[in-house]
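The exercises below ask the reader to work from the sequence and the coordinates towards short, reasoned descriptions. Each task is followed by a solution that goes step by step.

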Amino acid sequence: MSTTVPNPQSIPGTNASAVSRRWRGITSTGFSRVLGVATLVLVVWLVLFGLLFSPPDQTQQSSVRIMYIHVPTAWVAYLAFGVTGLSSAMYLFRRAHSLAWDRVAGASAEIGVMFMALTLITGSLWGRLTWGVYWAWDARLTTTAFLFVTYVGYLAVRRLGGSHQARAKRSAVLGLLAVIEIPLVHFSVELWRSLHQEASVANPSGDVKMDGLMLFSLFVGLIAFSLLYFWLVLHRQRAMYLEDQYDDADLDVALVERRAETKEHSRA
Amino acid sequence: MSPVEPVPAPSTTVAIAAPVVALRHVVAVLGRFPALAGASLEVQAGEVLLLKGPNGAGKTTLLRLCAGLVPLVRGEAEVLGHDLRTDRAAIRQHVGLLGHQNGLYADLSVRENVRFWGRTAGASDGEINAALTQLGLDGRLATVPAGRLSAGQRRRTALACLIARRARLWLLDEPHAGLDADGRDLLDDVIRRAVGAGATVLVASHELERAKALATRIVTVAGGLVHNESPDDAGADRGGRV
Amino acid sequence: MWRTARLVAAKDLGIEWRSRQVTNQVLPFAGLTLVLFAFALDRDEITARVAPGLFWLATTFSLIVLVQRTFAVETADGALDTLRVAGVDPAGIYLGKALALAAQLVVLEALLLVGVIVFYASHIRPAGIVLVIVTAFLATSGLAFVGTLYGGLAAGAKGRETLLPLLLLPVVAPVLIGATRAFEAAFGTRGGEGIRAGVEISDGWPWVGMLAIFAAVFGAAGVLAFGPLLEEA
């Protein structure tokens, strides 16, 4: 940001080690590397089991394979939004108001939005193949779409600026509001659909009779995507930590520049 | 994290009670810009402190910080005995800020504005009317919508709202701006009466001649820092320049 | 809290009384949307059938404009800052602004109802009048609570004009669904092919329950959350 960054060590009143850490900008640790490798192995497994080893479904043929991505992404998205809600609460109700919770909430929401987009895309592709339409006004689908839009809004609010604490408080409130909004949306859509069951697209229901290998592939998918989620959250929240650090380090430089104005003034 | 040169202990005005405002190495940012870069300031009860300094020196941010509107990023700050880091809401109701904006509702009349702000602070009708009278707003002007007033008249209305709110700490940011000679006399009178009633006043102003007559102490704000000056710096009655 | 709420509500309605901005601009806007819907949908029998939905859509769009207006008043001359400095009870501000917003919405809805009856040839079944009134009351409370809450969140933020609809529209969806279904029951407009040829008035009451829960939940959330939001505005 600041273009005139002098040698950080020369800045008085600067935590030099924090600054030198930020130049390296590393977000990984030994643990996250192991996690990353494990994730990679499982993703390879998923590809093999999902595309090669598992059998096609009797009625849906190979389109059933979308499920191995669709279900895990949906699971991860819900997990991510759950984590966002929980972290928002932890930030707001813990006395310390730790920014670490805020960053976890933000990282998790970003990843959740990404996976929810994947869920919606894979879901509508599967719907086209199975139901003949991309979209059905089914309660679960509609709630999912609302969830997606809600967290897109949440991310927009996170980008509003202001101090770190201001960002954290505003988005934590919004994160909790989203948690109370979602059941209401789901409940209303469910009630709506159950009162007016218009025979549009509902059947075939899409329930798959799964054999052992298919179940196992789905299981691999769930584990692989869960690990991927944790790996992404770890790195993203560390990257956010570095961004915050960067802002603070910039502040040290800016403080020196700002105080220097005094001398100009006294010379003038 | 570390302060720059430690600012010398503030003046030794007659003070027994805890200071009304106590800032130590306060840093406050506007976006990424550190408007206050380690400012320290102590103000005792009953003082009228004049903040002078060039544009962009940090005077407005200092006042807004004392009002609890701008969070402090580093340093310590106590206002009216409350720690601003943990207790920003506690000082409210006791602080009155006249900023660059007047906080008036353009569609409401002068009287309605003063009444609304007075009532939210629990002022009685008598106090509200007294505030209007004190600023010469009880006549024809009282029924004019605030949006149709001149800049100086709006300023006067804002001052009346401030009086009706009965604050213990007054933070006045360029209060002279837009006021005519009469208005300035009224302002001086308002400040004197507030101090007489036990309030403490911080004034940021470029109208030095005017404000110096009122001030019990003067400090210079520059580069986000506060520099103390002797109260006699203005060459007022008690002696010359150092 | 209630004293502050009364003061703030009286102040907001006083501003509207003086400026007539809602009367002169928002009401015509809402009426205009009804006419535009008719253009877009073209057929009389369709507009008559979807009248309840269009009514609540027009209300929802007007809500966004009203919320923008109610907070523009506070930010125009820094009154919001003064409210914060003065330590005016945030819960009171919230309830007061929601109350004033609800009052404006009620006037708007009354006129829209006339508009729907005139333009879309809708008619309320006599037995449905109670349902219409209760639904409108609860839906209006819900909309006012949610609108004030998210309006306060967006107030003073950069790009608030575009941010507010993004935040607000997903949240008010349950009200839109619930109030529309309840009105359909009261109007008896839900025609249908097949088994469900029409709806009974009793079909509307479950929705009333949903609207009540919505209003209660967001009213409570707003009272609790408005303080922290205002703090960081």
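**Exercise 1.** Decide whether Leu80(B) is buried or exposed, and describe its backbone and its place in the chain.

*Solution.* Begin with the neighbour count: Leu80(B) has 20 C-beta neighbours inside 10 Å, and a residue is buried if 20 or more other C-beta atoms lie within that distance, so Leu80(B) counts as buried. The model in which this count was made is a predicted one. Next, locate the residue, which sits in the loop between β4 (74-79) and β5 (82-83) of chain B. Finally, turn to the backbone, where Leu80(B) shows a positive phi of about 50° although it is not a glycine.

**Exercise 2.** Carry out the analysis for Arg166(B), stating in which loop it is found and how many other C-beta atoms lie within 10 Å.

*Solution.* The loop in question joins α4 (151-165) and β7 (169-173) of chain B. Within 10 Å of Arg166(B) there are 18 other C-beta atoms; since the buried class needs 20 or more and the exposed class 12 or fewer, Arg166(B) is partly exposed. The phi of Arg166(B) is near 50°, a positive value in a residue other than glycine.

**Exercise 3.** Describe the surroundings of Gly118(B), including which residues it touches beyond four places away in sequence.

*Solution.* Gly118(B) belongs to helix α2 (residues 110-120) of chain B. It counts as buried, because 25 C-beta neighbours fall inside 10 Å. Not counting residues up to four places away in sequence, Gly118(B) touches Ala123(B), Glu127(B), Ile128(B), Ala131(B), Ala164(B) and Arg165(B). As for His82(B), it is 36 residues from Gly118(B) in sequence, and the two C-alpha atoms are 24 Å apart in space.

**Exercise 4.** Summarise the fold of chain A, then examine the surroundings of Trp231(A).

*Solution.* Chain A has 7 helices and 0 strands, and 35% of its 268 residues count as buried. Among contacts in chain A with a separation of 6 or more, 82% come from residues 24 or more positions apart. The unreviewed UniProt entry lists residues 31-53, 73-93, 105-127, 139-160, 172-192 and 212-234 of chain A under "transmembrane region". Taking one of these spans, residues 73-93 of chain A are 100% helix, with end C-alpha atoms 30 Å apart; for residues 172-192 of chain A, the end C-alpha atoms likewise lie 30 Å apart and the span is 100% helix.

Trp231(A) lies in helix α7 (residues 212-267) of chain A and is buried, with 21 other C-beta atoms within 10 Å. Leaving aside neighbours within four places in sequence, Trp231(A) is in contact with Ser32(A), Leu35(A), Gly36(A) and Thr39(A). The C-alpha atoms of Trp231(A) and Arg33(A) are separated by 8.7 Å, although these residues are 198 positions apart along the chain.

**Exercise 5.** Determine how helix α5 (residues 139-158) of chain A is arranged against helix α7 (residues 160-187) of chain C.

*Solution.* Two packed helices are described by the angle between their axes and the distance between the axes. Here the axes come within 9 Å and cross at roughly 150°. Angles over 145 degrees count as roughly antiparallel, and α5(A) and α7(C) are therefore roughly antiparallel to each other. The crossing of α5(A) past α7(C) is left-handed. From α5(A), the contact is made by Phe146(A), Val149(A), Thr150(A), Gly153(A) and Ala156(A), and from α7(C) by Leu163(C), Leu166(C), Leu167(C), Pro170(C) and Ala173(C). Sorted by class, this contact has 8 nonpolar, 2 polar and no charged residues.

**Exercise 6.** Describe the packing of helix α3 (residues 44-75) of chain C with helix α5 (residues 90-119) of chain C.

*Solution.* The two helices pack at an angle of about 145°, with their axes 10 Å apart, and α3(C) passes α5(C) in a right-handed crossing. Residues of α3(C) in the contact include Phe55(C), Leu63(C) and Leu66(C), which meet a set in α5(C) that includes Leu101(C), Leu105(C) and Leu112(C). By class, the contact of α3(C) with α5(C) has 13 nonpolar, 4 polar and 2 charged residues.

Definitions and conventions:
Residues are numbered from 1 along each chain as its sequence is written. Chains are lettered from A and ligands numbered from 1 in the order in which they are written. This is a predicted model: local features need pLDDT of at least 70, side-chain atom pairs count only at pLDDT 80 or more; totals for chains, interfaces and linings use all residues. Axes are lines fitted to C-alpha atoms, for helices over the stretch in contact, and angles run from 0 to 180 degrees between N-to-C directions. Helices (H or I, at least four residues) and strands (E, at least two) are DSSP runs, numbered from the N terminus. Angles under 35 degrees count as roughly parallel, over 145 as roughly antiparallel, 65 to 115 as roughly perpendicular and the rest as oblique. A crossing is left-handed if the near helix is turned anticlockwise from the far one by less than a right angle, and right-handed if clockwise. Two residues are in contact if their C-beta atoms, placed from the backbone, lie within 7 Å. Ala, Val, Leu, Ile, Met, Phe, Trp, Tyr, Cys and Pro count as nonpolar, Asp, Glu, Lys and Arg as charged, and the others, Gly among them, as polar. UniProt positions are given in the numbering used here, feature names are shortened, and annotations may be inferred rather than shown by experiment.
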